Amino acid sequence: MHSDLFASENVVTQASAPGMTLQNAKSIKYAVDGECFARQGSMVAYRGDLQFEKKGQGVGKFIKRAVTGEGLALMAVRGRGEVWFAHEAANCFIVELAPGDGITINGRNVLCFDPSLSYEISTVKGAGMTGGGLFNSVFTGQGKLGVVCEGNPIVIPVSPQAPVFVDTDAVVGWSASLKTSLHRSQSLGSMLRGGSGEAVQLRLDGEGFVIVRPSELRPERTTGN
């Protein structure tokens, strides 16, 4: 049987070491030897002896925030084998953290991560319900984090002299050391006249970077494995 479908770049190979690698631009392969964590519903295929355990509401840090419907709904993958993760054909990226690093990622953009990483779910300071009720996941430690982004990401440097203002529906993540606050870019009179539709942004101050996607948030479908 002959087809471009079977080109070498589309055919998987056996992993040479545990951990995550990019399978292609739209998926991440994780060679599990013990456990890893991933977004619920993100498994598209696996082989080997693996078990999937959902972590739902009310289970410690895995809680899915019921107030806004956002947060980080995870599953644990345990055993030995290979598993492929993806989310609605979004672009996938691997971020490798070293000791002392810290990155804040919106819960909706987390795909998978090493168990060696520590994370904490909290509200975005200064955003509150007015800013979309954002919940972020702060990752620290040493290990790899798989991130998804709809479209090609835009990475903008932030400096003390040049704060950056981002749409709360487009932000993917930022350096954990940055300070956040709400910024109103419209006057009350403009808002009463209908405004531009861009009344409130998230302001980031400090030294680091912010990642945004070239589109605004669309309602997510509920998925599961």
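Visitor: Is Val 11 buried, partly exposed or exposed, given its relative accessible area?

Guide: The model considered here is predicted. Val 11 lies in the segment before β1. Its relative accessible area is 43%, and the class in between runs from 20% to 50%. Val 11 is therefore classed as partly exposed.

Visitor: Which residues make a nonpolar surface patch with Val 11, and what is its area?

Guide: The partners of Val 11 in this patch are Met 1, Leu 5 and Phe 6. Together, these residues and Val 11 make a nonpolar surface patch with an area of about 490 Å².

Visitor: How many residues stand between β1 and β2 in their hairpin?

Guide: Strand β1 covers residues 19–24, and strand β2 covers residues 27–39. The two pair in the antiparallel sense over five bridges, and Asn 24 has Ser 27 in β2 as its bridge partner. In the hairpin that β1 and β2 form, the number of residues between them is two.

Visitor: What is the phi of Glu 88, and where is the residue placed?

Guide: Glu 88 is placed in the loop between β4 (74–85) and β5 (91–97). Most residues other than glycine have a negative phi. Glu 88 has a positive value although it is a residue other than glycine, with phi near 50°.

Visitor: Does Ala 89 count as buried or exposed?

Guide: Ala 89 also has its place in the loop between β4 and β5, and its phi is positive, near 60°. The relative accessibility of Ala 89 is 53%, and the cut-off for this class is over 50%. Ala 89 therefore counts as exposed.

Visitor: Which strands stand at the edges of the open sheet formed by β12, β15 and β14, and why is one side of each left without a neighbour?

Guide: Strands of a sheet pair through backbone hydrogen bonds, either parallel or antiparallel. In this open sheet the order is β12-β15-β14, with antiparallel pairing. Each edge strand has a single partner strand, so one side of each has no neighbour in the sheet; these strands are β12 (164–166) and β14 (179–184).

Visitor: By what angle are neighbouring strands of this sheet turned against each other on average?

Guide: The angle is an average over neighbouring strands of the sheet, with direction ignored. Its value is 35°.

Visitor: Which residue in β15 does Phe 165 stand opposite?

Guide: Strand β15 spans residues 200–205, and three bridges join it to β12. The two strands run antiparallel. The residue in β15 that stands opposite Phe 165 is Arg 203.

Notes:
Residues are numbered from 1 along each chain as its sequence is written. This is a predicted model: local features need pLDDT of at least 70, side-chain atom pairs count only at pLDDT 80 or more; totals for chains, interfaces and linings use all residues. Side-chain values use heavy atoms; hydrogens and water are left out. Two strands pair if DSSP finds at least two bridges between them. Helices (H or I, at least four residues) and strands (E, at least two) are DSSP runs, numbered from the N terminus. Axes are lines fitted to C-alpha atoms, for helices over the stretch in contact, and angles run from 0 to 180 degrees between N-to-C directions. Buried means under 20% relative accessible area, exposed over 50%, partly exposed in between (1.4 Å probe, protein chains only). Patches are made of residues with over 30% relative accessible area and no salt bridge: like charges are joined within 9 Å, nonpolar side chains (Val, Leu, Ile, Met, Phe, Trp, Tyr) within 5 Å. Accessible areas come from the Shrake-Rupley method with a 1.4 Å probe; for residues, only the protein chains shown count as cover. A salt bridge is a side-chain nitrogen of Lys or Arg within 4 Å of a carboxyl oxygen of Asp or Glu.
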